[in-house]
Amino acid sequence: LHMGKTMKEDLTVVVKYMKQLYPPEFNVFSTYAELYHNYFASQAKKNAESHLEDKDIYLLLSWVHNIYPKDMRKDHVLAEELEKVKLGSLLPSSLSKELERKYLDSEEATIKNSLSKCLDKEIQRWKEDKEPEKLNGHFQSELLAIFVIQSIYSGQKRAQDISTAVGEELSHRLSKELPAFLKSYKEAFEDFKEKSKKHRYYKPILIANINNCWNFRDYTEKNMAEKDDNKASILSTLGDIENSGFDVLLQQLFVQLKPIYKKFTENKWDSSNEIMNEIINTTSKYISDFQTLKDPFYHAIVEKIHARLVKEYIVRLLKRKVSLKTPAQQQNLAQYISKNAADLEAFCTSNGSQATWLNSALPKLAEIIRLQDLGAIKIEVATLATTYPDIRKRHLEAFLYIKANLSRGELKSILGYLADSTASMPPMAPLFSNINVS
């Protein structure tokens with residue numbers, strides 16, 4: 001700093017006051033500039049060849065790439081004169097490259113170590129007998145994402161401040177750090193999930209970890225290119241953590257709902273309104289707990305519930321437990337299904353489900369039961385297959401067991417209308433493909 005200040009001040013005096021006292025052929029400014037530069041470069045080289053601490057390497061590289069060429073040599077008083085002198089760099093290229101390598105190795109190791117310690121602290125927090133903090137009503141440990149993202153970003157920014165090339169190299173080296181950190185985070189989360197089920201704050205901690213994923217997801221979506229393989233890896237790992245947490249949070253609810261759904265076929269659907277009310281009341285108690293999830297995750301878990309409620313209803317319809325011979329009986333069942341479908345849709349929508357693609361499944365099945373004209377049934381089946389392209393003949397055959405007044409020929413004709421080639425491409429949101437027909 002002293003040398004830099006002295007050189008800048010002295011050369012400014014040469015430009016302003018001394019240069020005009022000498023004949024032009026003396027090139028007095030060049031003489032001064034070269035002597036100052038050579039001395040400065042010799043001192044920089046001497047420092048570079050000695051044992052330097054990491055912060056000193058950073059400072060020296062900043063002088064070589066940034067402060068010396070930009071702040072000093074681009075100074076508005078000196079720039080024009082210095083342009084004529086062509087002084088070169090403060091350090092030989094080979095020595096500069098060696099310093100850069102040391103700096104990059106050190107910075108990479110420091111950031112890796114920092115992320116590892118951060119994860120260890122987070123795991124330690126899970127083990128404490130404390131409820132996670134809440135922000136705006138949502139459980140979270142927001143400092144984790146902030147610290148990790150900031151560590152990586154700050155490292156890249158520091159390197160960028162040395163030079164664009166050094167910044168790019170460190171960014172390249174660190175590009176694998178966030179995916180690697182999140183894989184370690186996922187492993188730690190899975191370990192906690194399996195081994196800490198009796199922890200007093202087990203569910204709040206799971207919810208906090210799902211919520212943690214939002215900041216990582218938001219940062220990745222906004223700052224990484226679509227074609228970057230690391231982006232896909234990060235989003236995939238975050239999806240695994242989120243879905244793994246959802247599965248545990250929903251496990252108890254789905255176990256509780258199973259015997260309630262069985263009542264539909266056990267009672268020949270006669271008490272279906274009461275049974276649907278029981279399903280809605282049971283689910284409602286769980287949904288209120290999920291409001292500590294951040295909004296995107298709350299909507300995601302409600303949509304998973306919505307899909308499961310519709311799927312389990314369809315499963316009962318495909319159980320071949322009810323066979324109705326008269327149109328009046330079929331009309332009656334169709335009305336039950338339509339009413340249940342409307343109640344289910346109203347409940348899920350009022351609780352924030354945006355999975356509107358599920359809403360037509362049960363009404364369409366009710367309509368197939370209600371219709372008696374073969375042509376009309378075929379049209380409805382075709383519409384159903386268009387809306388839910390993962391439906392298969394085995395599903396339809398099990399469902400049509402309900403319509404006992406169909407002849408074999410009519411049944412074959414309807415089934416033939418549903419080509420097995422339907423949905424050669426898997427649908428974005430599968431419904432029937434998740435249903436096994438026994």
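Me: What makes eight residues in the lining of the second largest pocket charged?

Reply: They are charged because each is Asp, Glu, Lys or Arg; a further seven are nonpolar (Ala, Val, Leu, Ile, Met, Phe, Trp, Tyr, Cys or Pro) and three are polar (the others, Gly among them). The model is predicted, so local features need pLDDT of at least 70 and side-chain atom pairs 80 or more, while totals for chains, interfaces and linings use all residues. Residues are numbered from 1 along each chain, and side-chain values use heavy atoms, without hydrogens or water.

Me: Why is the space of about 400 Å³ called a pocket?

Reply: A pocket is an open set of 1 Å grid points where a 1.4 Å probe fits, with protein on both sides within 12 Å along at least five of seven lines; lining residues have an atom within 4 Å of a point. The second largest pocket holds about 400 Å³. Its lining has 18 residues, with R125, P132, E133, Q140 and S141 closest to the centre. Helix 5, strand 1, helix 6 and helix 9 each supply at least two of them.

Me: Which residues lie nearest the centre of the largest pocket?

Reply: They are E303, K304, A307, R308 and N434, among 15 lining residues. Helix 10 (229-266) and helix 12 (295-317) each give two or more to this lining, which divides into eight nonpolar, two polar and five charged residues.

Me: What makes F399 part of the largest nonpolar core?

Reply: Such a core joins buried (under 20% relative accessible area, 1.4 Å probe) Ala, Val, Leu, Ile, Met, Phe, Trp, Tyr and Cys through side-chain atoms within 4.5 Å. F399 is among the residues with the most contacts inside this core of 132, to which helix 10 gives the most, 13 residues.

Conventions
Helix = DSSP H or I, 4+ residues; strand = E, 2+ residues; numbered from the N terminus. Points joined across faces, edges and corners; volume = space filled by probe spheres on them. Buried < 20%, exposed > 50% of the residue type's maximum accessible area, 1.4 Å probe, protein only.
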